Amino acid sequence: MMSADFLTPEELTLLTALAKSNKLEHRVARRANAMVLLHEGWTFDRVAQALLMDDSTIREWHAEFRASGVEGLKEFQHKGGMRRMSAEQEAALVAWVTETLPRSTCAVAQWMADDMDIRFDSRSGIIKLLHRLGFEHRKPEAVPAKANVVKQTDFIDRYESRQTGLEADEATVFVDAVHPTHGAHPIGCWMPRGGRVGVDQSSGRDRLNIHGAIDLETGETRMIDVLTVDAISTIALLSAIENMHLDKRRIHVYLDNARYHHARAVREWLEQAGRRVVLHFIPAYCPHLRLWGLMHREITHNRCYRHYRDFANAILGFLRRTVPENWRDLCDHVSDNFRVIDPAQIRILA
């Protein structure tokens, strides 16, 4: 905080006249106005809000006035913001943030106030400081507990080799299950300042169970709406996949290691004569095909369906019709761009 009443009577009179003048350049008058408001006891943050400026800019103007008087307010050399911390203090802040990974600027402000006796009047000032010191606010990624780098690398190599040598009478299909719950997913959006926006919520919490498959080459899908995703639904889906590719000699199906995919009934079905499906199990990590994320973005984000049946029809209609019919536009959002997740290369939070 700074002390009020720092202007002499002559300076106050001159700055007030400058602030009210219609003949001066606007930015000079605004600087003069800021000095008068600070003299009257306004904080840097309050003046910044009133003038639609950043508080660091108001501090810079005040420092310039202290150093050069009224003439300093008329100079525009576009200097950087005022440096408030020493190199040693910045190094200490860098070490603390790196070690503790604070979740909010409030935590950073509190530590600076307690350990350095430095106080910021605005959140934006701390954000700019952290950016300048090389930090960014990032959400941690979920790291699978059983991620195995060797298995992942081997799987990717075999997948790429198989795809490269895929013959005309072979196809590749990905299988997975999803369980969307009847309800809207509120997502941030741009809107006029000061307004409020909301999204209705449904009263029920019914869940839709889908066991589905997609051919990334054509965008063709098979989506089965089932009561329970289990061995029976797996067999039904694999049968549908064979019917979807009647002209293929072999169909490579990639799927996760869910227990029902390994069930005895599924193995017995695969051993039947004439079966054309070959299963390939993805290692214990997420390949990020992103089909389900695309589905939520298009269907459930900021959108409420009053009735469960409308909700189910919208999702199934998108997966069964919209995706295949618009695959040329959607294929870039759903890809087999696998990546290796190495826990050793990621800092794991305790």
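Begin by selecting Tyr 159 and Tyr 254, both of which are buried, and keep in mind throughout the tour that this is a predicted model. Their two rings form an edge-to-face aromatic pair, with 5.0 Å from centre to centre and 85° between the planes. Because Tyr 159 lies in helix α8 and Tyr 254 in strand β4, this pair ties together parts of the chain that are 95 residues apart in sequence.

Now add Phe 155, which is buried, as is Tyr 254. Phe 155 and Tyr 254 also form an edge-to-face pair, here at 6.0 Å between centres and with 75° between the planes; with Phe 155 in helix α8 and Tyr 254 in strand β4, the pair links distant parts of the chain, 99 residues apart. If Phe 174 is then included, the selection of Phe 155, Tyr 159, Phe 174 and Tyr 254 makes up one aromatic cluster. The structure as a whole holds nine aromatic pairs.

Next, go to His 245, found in the loop between α9 (231-244) and β4 (250-255). Is His 245 buried or exposed? It is buried, because its relative accessible area of 4% falls under the 20% limit for that class. Display the side chains of His 245 and Asp 215, which make a polar contact with each other at 3.0 Å. Setting aside neighbours within four places in sequence, the residues in contact with His 245 are Ala 171, Val 173, Asp 215, Ile 251 and Arg 276.

From there, select helix α11 (residues 291-299), whose buried residues are Leu 291, Trp 292, Leu 294, Met 295, His 296 and Ile 299. The elements that cover these buried residues include β1 (170-178), β2 (209-214), β3 (221-226), α12 (308-325) and α13 (327-330). Within α11, centre the view on Leu 291, which, not counting residues up to four places away in sequence, touches Ile 214, Met 223, Leu 319, Val 323 and Val 334.

Leu 291 also leads into the largest nonpolar core, which has 29 residues, and in which Ile 210, Leu 291, Ile 315 and Leu 319 touch the most other members. At least two residues of this core come from each of α8 (149-164), β1, β2, α11, α12 and α13, and α12 supplies the largest share, seven residues. Apart from this core lies another, of 20 residues, for which Ala 231, Leu 238, Met 244 and Trp 269 can be selected as some of the members.

As a last stop, select Arg 46 and Trp 42: the charged end of Arg 46 sits over the ring of Trp 42, 3.8 Å from the ring centre.

How values were computed:
Residues are numbered from 1 along each chain as its sequence is written. This is a predicted model: local features need pLDDT of at least 70, side-chain atom pairs count only at pLDDT 80 or more; totals for chains, interfaces and linings use all residues. Side-chain values use heavy atoms; hydrogens and water are left out. Buried means under 20% relative accessible area, exposed over 50%, partly exposed in between (1.4 Å probe, protein chains only). Helices (H or I, at least four residues) and strands (E, at least two) are DSSP runs, numbered from the N terminus. Contact means heavy atoms within 4.5 Å. A nonpolar core is a set of buried Ala, Val, Leu, Ile, Met, Phe, Trp, Tyr and Cys residues joined through side-chain atoms within 4.5 Å. A polar contact is a pair of N or O atoms within 3.5 Å; within protein, one must be able to donate a hydrogen and the other to accept it, and residues adjacent in sequence count only if both atoms are side-chain atoms. Rings of Phe, Tyr and Trp (its six-membered ring) pair if their centres lie within 6.5 Å; planes under 30 degrees apart count as stacked, over 60 as edge-to-face and the rest as tilted. A charge sits over a ring if NZ of Lys or CZ of Arg is within 6 Å of the ring centre and within 35 degrees of the ring normal.
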